[in-house]
Amino acid sequence: MSQILWEEEFNQKNWERLWFLILTFTFFLTLVWFYFWWEVHNDYNEINWYLYNRMGYWSDWSIPILITAAAGFLYITALLILALCHIAVGQQMNLHWLHKIGLMATLVVTVVTMSSIAQLWDDEWEMVVISMQATAPFLHIGALAAVTALSWLIAGQFARTEKATSQMLIFTAYFAVVVALYLVPLTVSSPCIMEKKDLGPKPAIIGHRGAPMLAPENTLMSFQKAVEQKTYGVQADVVISYDGVPFLMHDKTLRRTTNVEEVFPELAYEHSYMFNWTDLERLNAGEWFLKSDPFWTAGSLSGSDYREAANQSVCKLADMLQIAKDNMSVILNVQDLPRDHPYYSTYINVTLQTILESGIRQQAVMWLPNAERQLVRQIAPGFQQTSGIKADAEHLRDKGIKHLNLRYTKVTSEDIREYTAANLSVNLYVVNEPWLFSILWCAGVQSVTSDSSQILSKVPFPVWLMPPDEYSLIWITADLISFTIIVGVFIFQKWRLGSIRTYNPEQIMLSAAVRRSSRDVKIMKEKLIFSEINNGVENADELSLCSENGYSNEGVAPMDHRDMKLRMD
């Protein structure tokens with residue numbers, strides 16, 4: 001019977017260790033996922049738009065995912081803290097079966113969600129690397145504080161452990177983690193660790209389709225708001241209608257940003273370039289903004305702005321240029337047309353004619369399409385030729401490119417320095433968060449395209465900027481403080497627990513047995529006897545039982561297996 005009890009106890013301990021490993025792994029996984037989803041706040045609208053194209057309907061997926069990630073992380077963190085508290089007092093974790101189900105459910109949901117994002121939006125994981133340039137110095141301090149706090153638990157386990165090999169294993173593992181953490185700053189590279197005198201000018205801000213947080217994108221109201229925010233320029237997407245009128249629309253269809261499903265339900269899935277302008281001007285291009293509220297800003301609009309947004313229509317390129325020509329530059333991208341479109345062979349000419357007739361300065365136009373660049377240079381030699389494809393600086397200059405328009409995840413600080421040295425201006429999109437704007441500012445970017453021009457225009461200085469010497473001082477000081485605390489904790493724990501005998505769980509339970517049945521106490525005694533025999537205990541200390549039922553004190557003496565069997569019988 002004692003053999004069976006010992007095997008049950010052994011198996012239970014192994015299962016508890018396995019659950020603790022699963023809990024620890026899930027904690028770090030949910031931490032990474034929560035951190036990732038918090039940092040990609042810059043791209044929430046872009047992610048929602050991408051999912052809209054995949055699923056066919058618009059919904060704000062970002063906030064539910066963020067709430068789910070935060071809830072999962074907090075739940076697992078609470079379980080881990082409770083588990084560590086149990087370990088700190090020498091008890092097993094004893095995770096309830098409901099929490100085991102919750103733990104596995106959290107793990108599975110997190111793995112599935114992360115895998116889905118990795119497949120659908122693999123570029124977004126590069127955001128984690130970029131965010132580390134802004135957060136790594138502060139995450140290092142936080143991790144240092146956490147590992148230092150864990151020294152109390154680790155030192156306690158070290159002091160309680162009697163075997164020298166176990167002590168060495170605990171100390172070596174913990175010491176390796178601490179040393180690695182102390183040396184992490186050697187790998188931290190951030191453009192904002194620099195001298196203040198080396199900081200370049202603030203990047204120019206270009207409104208992405210106008211000012212889409214303040215008005216419906218690609219509408220006259222949106223571009224007027226961009227002018228009010230005094231942005232350097234605006235970016236717009238040009239489409240040629242079936243009857244040859246250049247207008248502004250980003251999506252292939254009109255479903256997301258107009259009421260085409262109400263006015264022309266049978267044509268809702270048609271490409272926008274298949275509509276005549278007479279049909280396009282019948283559509284409302286503002287109500288969707290108030291209903292969908294893609295940036296959670298519609299509620300902050302004034303009454304007059306709200307009514308104006310609700311009455312916006314599809315915008316002509318010519319109307320937008322009239323607003324921009326005396327105030328700012330424009331980045332123009334033109335959608336390609338299919339061969340069966342009436343203006344397939346002349347849509348570049350039509351677009352150029354509209355731009356030149358508007359009276360805007362040619363130098364204020366950054367021309368992005370690759371199609372027929374030579375023709376564009378002949379008709380409008382003053383246009384700033386801009387490329388949306390990353391390439392070698394020398395190759396770009398040979399092609400007459402003066403500007404680059406790239407996603408912010410596609411370039412590094414080294415790329416920016418190389419392009420700047422080659423006299424190529426770099427514009428990065430879409431940059432909405434001040435911390436990301438600050439990193440790119442420190443890196444030397446000349447301009448950014450943003451949905452939040454009203455926010456970035458109020459950023460007077462990078463969120464943080466630290467000279468290298470100051471950063472090194474903070475790093476070394478934090479390491480020294482941490483090391484001093486850890487050494488002190490180990491010494492104190494060794495002194496505090498050094499003279500205390502380590503009891504196994506059966507001893508603790510048996511000593512605390514009050515109002516227990518005689519059968520329970522007998523089982524505890526048997527487990528204790530067998531445990532001491534297997535641990536090679538030759539002399540058992542006297543074990544006192546204090547009970548209100550009058551249990552007598554029994555001395556437990558070492559016995560061989562035959563004596564134990566007789567005693568058990």
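Aromatic rings in a predicted model

Colleague: Which residues form one aromatic cluster here?

Modeller: Trp33, Phe36, Trp37, Tyr44, Trp125 and Trp296 do. This is a predicted model, in which local features need pLDDT of at least 70 and side-chain atom pairs count only at pLDDT 80 or more, while totals for chains, interfaces and linings use all residues. Residues are numbered from 1 along each chain as its sequence is written, and side-chain values use heavy atoms, with hydrogens and water left out.

Colleague: What makes Phe34 and Phe73 an aromatic pair, and why is the pair called stacked?

Modeller: Rings of Phe, Tyr and Trp (its six-membered ring) pair if their centres lie within 6.5 Å, and planes under 30 degrees apart count as stacked, over 60 as edge-to-face and the rest as tilted. For Phe34 and Phe73 the centres are 5.6 Å apart and the angle between the planes is 10°, so both conditions are met and the pair is stacked.

Colleague: Why is Phe73 called buried, and why is Phe34 called partly exposed?

Modeller: Buried means under 20% relative accessible area, exposed over 50%, and partly exposed in between (1.4 Å probe, protein chains only). Phe73 has 14%, so Phe73 is buried, whereas Phe34 has 22% and is therefore partly exposed.

Colleague: How do you know that the charged end of Arg256 sits over the ring of Trp288?

Modeller: A charge sits over a ring if NZ of Lys or CZ of Arg is within 6 Å of the ring centre and within 35 degrees of the ring normal. The charged end of Arg256 is 5.5 Å from the centre of the Trp288 ring, which fits the distance limit, and the contact is listed as sitting over the ring.
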